[in-house]
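Colleague: I have this one open and would like to go through it with you. Could you put it up so that we can both look?

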Amino acid sequence: MLYLELENASKTYGDKVLFKDLNLQIHKGEKLALVAKNGTGKSTLLRVLSGAEKPEGENAKWSLRKDIRTSILTQEPEIDPNLTTMEAVFEADSPIIQAIKDYEFAMLHPEKSEKFEKALARMDDLKAWDFEAKIKEILSKLGIDNLEQKVGTLSGGQLKRLALAKILIEEPEFLILDEPTNHLDVDMIEWLEDYLRQPNLTLFMVTHDRYFLERVCNHIVELERGILYRYVGNYSDFLEKKTTRFETQSAELEKTKKLYKKELDWVRRSPQARTTKAKSRVNAFDDIKEKAHQKLDDSTLSIDFKTARLGSKIVEAQYISKAFGDKKIVDNFHYKFKKGERVGIVGPNGVGKSTFIRLLTGKERPDTGKVVIGETVVFGHYTQEGIQLEEDKRVIDVVRDVAEFIPMEKGQKLTAIQLLDRFLFSREQHQVYVSQLSGGERRRLFLLTILMTNPNFLILDEPTNDLDILTLNVLEDFLGDFPGCLIIVTHDRYFMDKLVDHLFIFHGKGQIKDFNGDYTDYRKWITEYEREQKRIEKAKADQNKAANEEAKPEVRKLSYQEKKEMSKLEKEMEKLEERKSSIYEQFNDPSLSSEQIEELSKEVGQIQKDLEDKEMRWMELAEYA
């Protein structure tokens, strides 16, 4: 079933052609990811596919199936700031969602008992309890717990998570997602991976998260030089097939260049050709010329800055603690950094990772303890909040404000222009204003200004957000050879696995555990730990059960013969009681002789003895019954 179709779509900005005559079809059950360099038109193509922008071109066509539920997650969601979180979450027209909204409101305001009873009855009528549990799971997994908070007071990350929760609750059949993993912690990302793998979901997304691409997607589409290439398979398949395509194109380009030289020689020798055959050959020559002058997109970002010398004393946290009110961020943490150390920081959002970094860099003072920073330490701190590039400045001026020349390894120097070239900013982009750059290009420029200061202690706080995969690969290569200390805070598990030696795990309440290994090692350890805990709990439960059973007397059931015996005893005891009552009535007869009274008395004694014996046996059998 065809969900979305784009035909002969083009898009240009000024003289820049983003794509031309592009075609794409998305069918039910497909999970596609778009991969491209920053600034090549990813976001524009996403807006065209979502219907937010119209494609250009005389024969351009965009169509989306009308009878399916479609939801779109943009990088900067727009939700009415005057709504509460709960109102935003339950904004859909669905009767079930409205019933759950009323129920949640009643739960928050138990003093209004009449509303609670009405909401409860409505939930029962619509059989909405399963769906309510699903909504609670989505909100919980995405860290949305304050349903009465105004949307206008949310941070950018909270707003993105709210928008994601909102569209998942609507249960769409087709999802278009722009960087869905931004602002999610690792646990949230892994939950979202599982959620999006549902076979009934169709998906088109832009993401730089390579583990996400590997585990969720079954198609990759790559936008390169305005052409869309489609690959069947996940990220690993994409890398393999792209390499094959590049090798094939290189061979074809080499053949075309040879043909071009041959045809060029012919054209020069036959400028007055007039025959139909000659004219067609001249026309074909123009096509060959265009193909021969194509450049394959093999540009790479090159980083080889000189790093400032690092002395023996680096950074030491001496039993530091920090709290804001009752919330402990760090509690009695002690650590001494060594040369070349590579640390990843892992923990849920809001646990205090950014505060911890400010403590280490001296930007924030601990409540107790102290942080000693060595004299030779030069921090390079990349953070999302730190991106404060002046909008009205040209790209080249941003770099020149830092330095006109940059020292490189082996005594070489780079000019600002050469530096921008290495960071994949074309000569045309050097004169572009910062305000005209894409989000990823801004981050690349900001990263450049950080590295230009020649730091020997790099702290990267969410460096992968909105950077394209090519930039990430080269940044990883640079950081792999970086001789200084490195701290990485990121939700990108692939990036972390490639670079860190050990982790600081933030467990909350100020507790920080030093774990020896990368993120994948940590997840394996967690899985093994949880499995071992379950095994221990089961063993304890089995042991307690066995002890309880041992303490209990052996349970024995009555046999068939014993049941018959018990029934017989009951009848015999009934007859004996009747005989005893009859004798007692005879004792009231005044005409009885003394011999008769004696005889009846003996009979009553025997009856009483027989009753006691039978009652004892009956009670013995009754214990087992």
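Colleague: Let me start with a single side chain: is D331 buried, exposed or something in between?
Modeller: D331 counts as partly exposed, because its relative accessible area is 30% and that class lies between buried, under 20%, and exposed, over 50%, with a 1.4 Å probe and protein chains only. Before we go on, this is a predicted model, in which local features need pLDDT of at least 70 and side-chain atom pairs count only at pLDDT 80 or more, while totals for chains, interfaces and linings use all residues. Residues are numbered from 1 along each chain as its sequence is written, and side-chain values use heavy atoms, with hydrogens and water left out.

Colleague: Which residue forms a salt bridge with D331?
Modeller: That is K328, with the closest N and O atoms 3.7 Å apart; a salt bridge here is a side-chain nitrogen of Lys or Arg within 4 Å of a carboxyl oxygen of Asp or Glu. K328 is partly exposed as well, at a relative accessible area of 43%.

Colleague: How many salt bridges does that rule give?
Modeller: The count comes to 39. Among them is the pair D421 and R427, whose side chains meet at 2.6 Å, N to O; D421 is partly exposed at 28% relative accessibility, whereas R427, at 52%, counts as exposed.

Colleague: And R210 with E476, are those two buried or exposed?
Modeller: Both are buried, and their side chains form a salt bridge at 2.5 Å, N to O. The pair links distant parts of the chain, 266 residues apart, since R210 belongs to helix 8 (residues 210-216) and E476 to helix 16 (residues 469-481); helices are DSSP runs of H or I with at least four residues, strands are runs of E with at least two, and both are numbered from the N terminus. There is also a salt-bridge network, which links E193, D209, R215 and R493.

Colleague: Changing topic, what about strands 10, 11 and 13, in which order do they sit?
Modeller: They form an open antiparallel sheet in the order 11-10-13, where two strands pair if DSSP finds at least two bridges between them. Strand 11 (327-336) and strand 13 (368-373) are the edge strands, each pairing on one side only, and neighbouring strands are turned by 25° against each other on average, direction ignored. Strand 10 (residues 315-324) is joined to strand 13 by five bridges, with S321 having T368 as its bridge partner.

Colleague: Which helix lies across strand 10, strand 11 and strand 13?
Modeller: Helix 11 does, running at about 135° to strand 10; the axes are lines fitted to C-alpha atoms, for helices over the stretch in contact, and angles run from 0 to 180 degrees between N-to-C directions. In helix 11 (residues 353-360) we find T355, which is buried at 9% relative accessible area. Not counting residues up to four places away in sequence, T355 touches K322, F324 and I329, where contact means heavy atoms within 4.5 Å.

Colleague: Now the sheet with strands 2, 1 and 4: which of them stand at the edges?
Modeller: The order is 2-1-4, in an open sheet of three strands with antiparallel pairing. Strand 2 (16-27) and strand 4 (61-64) stand at the edges, each with a single partner strand, so one side of each has no neighbour in the sheet. The twist averages 15° from one strand to the next. Helix 1 (residues 42-50) packs on this sheet, touching strand 1, strand 2 and strand 4, and its direction makes about 135° with that of strand 1. Eight bridges join strand 1 (residues 2-13) to strand 2, and E5 has Q25 as its bridge partner in strand 2.

Colleague: What does L142 touch?
Modeller: Beyond residues up to four places away in sequence, L142 touches R161, L164, A165, L184, M188 and W191. L142 lies in the loop between helix 5 (129-141) and helix 6 (156-169) and counts as buried because its relative accessibility is 0%. The C-alpha atoms of L142 and L184 are 7.6 Å apart, although 42 residues separate them along the chain.

Colleague: Last one: how many disulfides does the structure hold?
Modeller: Zero, taking a disulfide as a pair of cysteine sulfur atoms within 2.5 Å. As for cysteines, C217 is buried at 6% relative accessible area and C485 is buried at 0%.
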